[in-house]
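Welcome! Open your viewer, get the selection tool ready, and follow along from stop to stop.

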Amino acid sequence: MSELIPRRGNYKKLPSYQKTDVIFQITSYFCEHYIARGDRTRDQMIQAARSGKQNIIEGCAASATSAKTEIKLINVAKASLNELLEDYEDYLKTHDKPQWQPGSAEFEAMRRLGRTHNEARIFLDMIATRPPETIANMAIILINQADYMLFRQLERLSKDFVEEGGFSEKMSRLRHRQRNY
C-alpha cells in the first residue's frame, strides 16, 4: 500500500477482537442451551455479542481512510458489549443466582484465565460442563476484560489521531511535500 493508505494489521491478531470472538461463541452456546427460543432476549444477546466483534472488524477495515469511523465503530463494539453485560447480570438476578465478586476464588481464577487466554476452544470446553450461572459469570468477567481492552484501544486511537491527524491531514501533507520537491 501507499504512504497515504497504509496497510493495517490483521484484526484477528487484535486481543480485543479475539476476546470478543470468545464472548460471541460463549453467548451463542449460552443462548442455545439456556434461553428459550422465541425469547427476545436470546436474539438480543446474540446480536449484542456479534456486534461487539463485528464492529471491531468494520472499524479496522475503515481505519486506513477514516480514523473517525474507526473510533466510532470501536466505541459501538464497546457499547454492544455493555448491553450484553447487562443481559448476563439480569439473567443472574432473575434466576436468583449470585454474581461473582472480586476477591472470590471463582472470580479471581476466571480473571486470571481470561487475562492469559483468548482461544475460544479453552472456554467452550469448560462451559460444556458448567451450569448456566457459572457460564454467565464467566462471560461477565470476559466482557469486563474486553471492555477495558476496547477502552485502551480507544485511548490509543485518539492519541494517534491527535498526533498524526486523519486521512485529510495526511493528504494535505503529502500534496504539500510533493509540491515542494
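Start with helix α6 and the second largest pocket: α6 gives the largest share of that pocket's lining, 5 residues. Keep in mind as you look that this is a predicted model.

**Stop 1: the pocket**

Select Q99, W100, Q101, P102, F107, R111, R115, N137, I140, I141, N144 and Q145, and you have the lining of the second largest pocket. Its volume is about 160 Å³. Besides α6, helix α4 also supplies at least two of the lining residues. Try colouring the lining by type: you will get 5 nonpolar, 5 polar and 2 charged residues.

**Stop 2: helix α4**

Now select E108, which lies in helix α4. Is E108 buried or exposed? Its relative accessible area is 19%, and because the cut-off for buried is under 20%, E108 counts as buried. Leaving out residues up to four places away in sequence, E108 touches P102 and G103. You have already met P102, as part of the pocket lining.

Next, select M110. Which residues does M110 contact, aside from its neighbours within four places in sequence? They are W100, F123, M138, I141 and L142. Two of these names, W100 and I141, also appear in the pocket lining.

**Stop 3: the nonpolar core**

M110 leads you on to the largest nonpolar core, which has 42 residues. Select I26, F30, L84, Y88, M110 and F123 together: these are the members that touch the most other members. Then colour the helices that give two or more residues to this core: α1 (15–34), α2 (40–62), α3 (67–94), α4 (105–116), α5 (120–127) and α6 (132–164). Helix α6 provides the largest share here, with 12 residues. In soluble globular proteins, nonpolar side chains tend to be buried together.

**Stop 4: a loop**

Select P131, in the loop between α5 and α6. With a relative accessibility of 33%, P131 counts as partly exposed. Draw a distance from its C-alpha atom to that of F30: the two are separated by 9.9 Å, although they are 101 residues apart along the chain.

**Last stop: the whole chain**

Zoom out and show the chain as a cartoon. How many helices and strands does the protein chain have? There are 7 helices and 0 strands. Of its 181 residues, 42% count as buried. Among contacts between residues at least 6 apart in sequence, 76% join residues at least 24 apart. Finally, switch on the surface: the chain exposes about 10,400 Å², and carbon and sulfur atoms supply 51% of it.

Terms used. Residues numbered from 1 in each chain as written. Predicted model: local features only at pLDDT ≥ 70, side-chain atom pairs only at ≥ 80, totals over all residues. Heavy atoms only, no water. Core = buried A, V, L, I, M, F, W, Y, C linked by side-chain atoms within 4.5 Å. Buried < 20%, exposed > 50% of the residue type's maximum accessible area, 1.4 Å probe, protein only. Helix = DSSP H or I, 4+ residues; strand = E, 2+ residues; numbered from the N terminus. Contact = heavy atoms within 4.5 Å. Areas by Shrake-Rupley, 256 points an atom, 1.4 Å probe, with all protein chains shown as cover. 1 Å grid on protein atoms, 1.4 Å probe; cavity = no way out; pocket = protein on both sides within 12 Å on 5 of 7 lines; lining within 4 Å. Points joined across faces, edges and corners; volume = space filled by probe spheres on them. Nonpolar A, V, L, I, M, F, W, Y, C, P; charged D, E, K, R; others polar.
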